[in-house]
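Work through the exercises below with the sequence and the model side by side, and try each task before reading its solution.

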Amino acid sequence: MRAEELAKVLKGELRGDPNRTVRGFSIDSRQVNPGDAFFALRGENNDGHHFVEDAIRRGAVGSIVEKDLRVGPGFSIRVDSTADALRRLALYKRALYKGEVIGVAGSVGKTTTKELIYHLLSHVAPAYRSKGNLNSQLGLPLVLSNMPLEARFSVLELGASAVGDVRRLVEIAQPRIRVITALGEEHLESFGTILDVIRGNGEIFMNFSEESRAVIPHYALKYYPLPKDKVITFGTGGDVNSEGIHLSLKGTEFKCMGVVFTIPVLSSGVVDNALASFGVLLALGYDPRDFKEALQTFRAPSGRMNLLDYERFIVIDDTYNANPPSVRNALITLASLRTKSKKVVVLGDMLELGKESKKLHAEVGKLVVELGIDLALFYGNNMEEAYRECIKHGGNALFFGKKEDIMDEVLKYMKDKNIILVKGSRGMKMEDIVEKM
Ligand code: ATP
Ligand code: MG
């Protein structure tokens, strides 16, 4: 696209060379690829206008800005709102795109499921997907703006922390295949109650048409009034289901449609993610059984139940994030491993849970005991509640107010093939522990 065309799409005022070719788009100067145009967005903490110079230095051919600001050789396009301009570009790009768009919402497992769908469909034809966790009101428009028109499939993650978020994302993504991975307690501080979570994620079915297809957990069917013939359900009681789940350090094995699948990810929840991706395959007219080999080469995104085998001991790095369903998943997965060694869990706070926070943390403490985890090291203001509950029920636990102190205790278990799981919300940065191990 030429700078001049871009200015027209954005309804902005162009300064500089109208013939410069724009190859892609970026909103973070550190991630600029040569040939990109840089959108200077105003965030809560940062103003992208401060990074235009850096973006140009890194190879950006021009910038989209809200004030007169032209740097070096780059063009600039002035608009009233750079965020609105990015959204406008996303809509323009979406209108040109003729491939299949698959949207993935849900309380947990979106990134993993998005990666799985992408991985499997890449065996069929060129596919595209949201990079990393770009699933927000700014991230998704960027993903759409960079969507290659030649990709046959585009798999897009739709994130939400409040009612209305998914609706605004669906408006621009316009997915034909609409996936909900799971429903559970997430971002309750901003969503409200679990009913709001259900309603918010259900916005993915907005403008559901004759061609649309839904892929949802079977238990979610009762919440959404969808035409039966356009829905594929997965999990217990669903159209796509699993049996004989077996977890080991090699990964997760399960039987589905008469075939035994292995996925080299250690997580009981990953079975649901795989079943959801099978639902998408079915909706697109493919037979999941033909993807047995493809599934075997899947790799979990980083910080999601990553198994690090240090020979003397084993670490499960689930430090990317934490909410109640994903903590339950991590603990259940750890507990289900058959080993004579010790199972230790290092848990940081689950953040953004609002009024329910205390109760939900207490439940974690109780679950640790119920599952027979040998030792729990709790860290953070909220996890103190989990610690209390764990001790109350006879569990073996320690509490840490300072992260620096955890390592001394962890060191004692870094031997004898012990398995140490580390997890916490993004803000808790529990990877600091994993990095020291
Ligand atoms: P975010 O809202 O932070 O973008 P996400 O929905 O994209 O999260 P992932 O990043 O795939 O989810 O996974 C986050 C955590 O949830 C990881 O700890 C992962 O192991 C766990 N998880 C993934 N799928 C499930 C599932 N079906 N049930 C329970 N936990 C799951
Ligand atoms: Mg995600």
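His 187 is partly exposed, with a relative accessible area of 27%, where partly exposed is the class between buried (under 20% relative accessible area) and exposed (over 50%), computed with a 1.4 Å probe and protein chains only. The model is a predicted one, in which local features need pLDDT of at least 70 and side-chain atom pairs count only at pLDDT 80 or more, while totals for chains, interfaces and linings use all residues. Residues are numbered from 1 along each chain as its sequence is written, chains are lettered from A and ligands numbered from 1 in the order in which they are written, and side-chain values use heavy atoms, with hydrogens and water left out.

**Exercise 1. Backbone angles in two loops**

Task: State where His 187 is placed and what its phi is, and then do the same for Glu 311.

Solution: Begin with His 187, which sits in the loop between β9 (177–180) and α7 (188–191); helices (H or I, at least four residues) and strands (E, at least two) are DSSP runs, numbered from the N terminus. The phi of His 187 is near 35 degrees, which is a positive value in a residue other than glycine. Next take Glu 311, found in the loop between β15 (306–309) and β16, where phi is again positive, at about 70 degrees, although Glu 311 is not a glycine. Finally consider accessibility: Glu 311 has a relative accessible area of 63% and is therefore exposed.

**Exercise 2. The magnesium ion**

Task: Find which protein atoms are donors of the magnesium ion (ligand 2), and describe where two of the donor residues lie.

Solution: First list the donors, meaning N, O and S atoms within 2.8 Å of the metal (3.2 Å for Na, K and Ca), and keep in mind that water is not among the atoms, so sites may look incomplete. The protein donors are Thr 111 (OG1), Asn 133 (OD1) and Glu 157 (OE), at 1.9 to 2.2 Å from the ion. Second, write their spacing in sequence, which is T-x21-N-x23-E. Third, place two of them: Asn 133 lies in the loop between β7 (127–129) and α5 (139–145), whereas Glu 157 lies in strand β8 (residues 153–157), so this pair ties together parts that are 24 residues apart in sequence. Last, look at how well they are covered: Asn 133 is partly exposed at 31% relative accessibility, while Glu 157 is buried at 1%.

**Exercise 3. The surroundings of ligand 1**

Task: Describe which residues come nearest to ligand 1 and how much of its accessible area the protein covers.

Solution: Start with the shell, in which a residue is near if one of its heavy atoms lies within 4 Å. There are 20 residues around ligand 1, and Lys 110, Thr 111, Thr 112, Arg 304 and Asp 318 come nearest. Helices α4 (110–121), α9 (269–283) and α11 (324–336) each supply at least two residues of this shell. Continue with the polar contacts, which are pairs of N or O atoms within 3.5 Å; within protein, one must be able to donate a hydrogen and the other to accept it, and residues adjacent in sequence count only if both atoms are side-chain atoms. An N or O atom in the side chain of Asn 133 is 2.8 Å from an oxygen atom of ligand 1, a polar side-chain atom of Asn 273 lies 3.2 Å from a nitrogen atom of the ligand, and an N or O atom in the side chain of Asp 318 is 2.7 Å from a ligand oxygen. The protein covers 91% of the 630 Å² of accessible area that ligand 1 has on its own, areas being computed by the Shrake-Rupley method with a 1.4 Å probe, and for residues only the protein chains shown count as cover.

**Exercise 4. Following Asp 318**

Task: Determine whether Asp 318 is buried or exposed, and name its side-chain partners within the protein.

Solution: Asp 318 belongs to strand β16 (residues 313–318), and with a relative accessible area of 6% Asp 318 is buried. The side chain of Asp 318 reaches the backbone nitrogen of Met 305 at 2.9 Å, and makes a polar contact of 2.7 Å with the side chain of Lys 423.
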